[in-house]
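Colleague: Could you walk me through this one? I would like to start with the sheets and then move on to the helices and pockets.

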Amino acid sequence: MPAPVLHTDVIIAGGGPVGLYLAGILLQKNISVMILEQKTEIDRHSKSLGIHPVSLELFNEAGIADGFINRGLKIEKGMAFVDDQMKGELSFMDGPGPFNFILALPQYLTEDILEAWVQSLSPGALIRGATVNEIHQTEKKVTVRWKKDGEDFTADCNFLAGCDGKNSFVRQRIGIRTKGAAYPDTYIMGDFSDNTEFGSKAAIYLHREGLIESFPLPDSYRRWVAKTDQYIENPRREMLQELIESRIGHSLHQQKNNMLSSFGVQHQLAENFYTGRVLLAGDAAHVVSPIGGQGMNLGWINAHLLAESLLKATVHPRKRNTIFREYSKRGSRIARKAARRAEMNMWMGRKQNLPFFKSALVHLMVNTPFSKIALRRFTMRGLI
């Protein structure tokens, strides 16, 4: 006997930080939600870490900001170096309050907080180990089929939100194409016990041989990122240590290391953020360079706009297409703006063919009235 067809207002494919946040704000508005996540547990490999002021404002609106702040570390200043010479500081505290800082919190802790929030609003809404394998929509509903523990399940919903990452099954299944390509830039990063004197400050080194970034983490750790000449398939801590020591003279040889990875960079933008009753958010809709830490935060902005659109479409069903079309246009416009900022960050971190120009540019960014513009860019102000 086949399993009964389940019913819910919104199905969210993907239970990462964007899907969980979207679920939480919909549940707060009494919209029933089902989240289908393929992973059986949160990935403890630390990835994104910076939560920007715009995201903290969204979390505050939802009543959950304190949970993040209590577990994270406030980065209130960023130091700018050219090679190993400090050119100045950019104080995030000069931005508007109350969130005039960037919060450092490993992504798995962010997902812990969001998952607990969703479960408190609707126990059982998150279904882990669920692999979506079929999507069918009509004018009146969307039918989603998935497999979990070898069993097949089916649910009908009013709307489906694809928050299932850059290789989104939802996006591919509904036939939305993407534009974009890989950048030539590659990096290696690792988390080490902190032996600097930087405290809660971030440090950016625009070295002539390539970027070095250093961000504080909770529990007296620090993340280091180094630009590489090519992608390193199997990174070793010695590789990162050597790049850091050769460029800025800082040794990590005696420090503990609990994460190491390599990554390439790409940009990707969906040609449209919806088809019918199926919509995209997060990396399923747009991918930008992680240099500058915008990606996850951009996904939350996107999810906030999507939640507003879903609520409007629920109240005004005859205006659904107009509402979703505006969501797509606005989301695409914001993503393009964020991508341009990320590209500038990458360009600044490449090998310096014009070292004097970059040095002068850094001076303008941290020591002149132009610092206000730089502050807005680095804290993701002005995107919405």
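Modeller: What follows goes through the sheets, a helix pair and a pocket in turn, and please keep in mind that this is a predicted model.

Colleague: Which strands form the open sheet with mixed pairing, and in what order?

Modeller: That open sheet has eight strands, in the order S6-S5-S13-S14-S15-S12-S16-S19. Its edge strands are S6, covering residues 85-91, and S19, covering 286-287, each of which pairs on one side only.

Colleague: How many bridges join S5 to S6?

Modeller: Six bridges join S5, which spans residues 77-82, to S6, and these two strands run antiparallel. Within that pairing, Val82 has Gln85 in S6 as its bridge partner.

Colleague: Which helix packs on the sheet?

Modeller: Helix H6, residues 237-248, packs on it, touching S12 (178-193), S13 (202-206), S14 (212-217), S15 (221-228) and S16 (257-270). The direction of H6 makes about 80 degrees with that of S15.

Colleague: And the sheet with S3 in it, what is the strand order there?

Modeller: That one is an open sheet of three strands, ordered S3-S7-S4, with antiparallel pairing. S3 (50-51) and S4 (73-75) are the edge strands, each pairing on one side only. Two bridges join S3 to S7, which covers residues 102-104, and Ile51 stands opposite Leu103 in S7.

Colleague: Changing topic, at what angle do H7 and H8 pack?

Modeller: H7 (residues 295-315) and H8 (residues 320-349) pack at an angle of about 170 degrees, and their axes are 9 Å apart. Since angles over 145 degrees count as roughly antiparallel, the two helices are therefore roughly antiparallel to each other.

Colleague: Which residues meet there?

Modeller: On the H7 side they include Leu298, Ile301, Leu305 and Glu308, and on the H8 side they include Arg320, Phe324, Tyr327 and Ala338. By class, the contact of H7 with H8 has twelve nonpolar, two polar and four charged residues.

Colleague: Last one, how much space lies in the second largest pocket?

Modeller: About 210 Å³ lies in the second largest pocket. It is lined by 13 residues, of which Pro106, Tyr108, Asp191, Leu217 and Asn258 are the closest to its centre.

Colleague: What classes do the residues of that lining divide into, and which elements each supply at least two of them?

Modeller: The lining of the second largest pocket divides into seven nonpolar, three polar and three charged residues. Helix H4 (107-121) and S16 each supply at least two residues of that lining, and S16 is also one of the strands that H6 touches.

Note on methods:
Residues numbered from 1 in each chain as written. Predicted model: local features only at pLDDT ≥ 70, side-chain atom pairs only at ≥ 80, totals over all residues. Heavy atoms only, no water. Pairing = 2+ DSSP bridges. Helix = DSSP H or I, 4+ residues; strand = E, 2+ residues; numbered from the N terminus. Axes fitted to C-alpha atoms, helices over the stretch in contact; angles between N-to-C directions. Parallel < 35°, antiparallel > 145°, perpendicular 65-115°, else oblique. Contact = heavy atoms within 4.5 Å. Nonpolar A, V, L, I, M, F, W, Y, C, P; charged D, E, K, R; others polar. 1 Å grid on protein atoms, 1.4 Å probe; cavity = no way out; pocket = protein on both sides within 12 Å on 5 of 7 lines; lining within 4 Å. Points joined across faces, edges and corners; volume = space filled by probe spheres on them.
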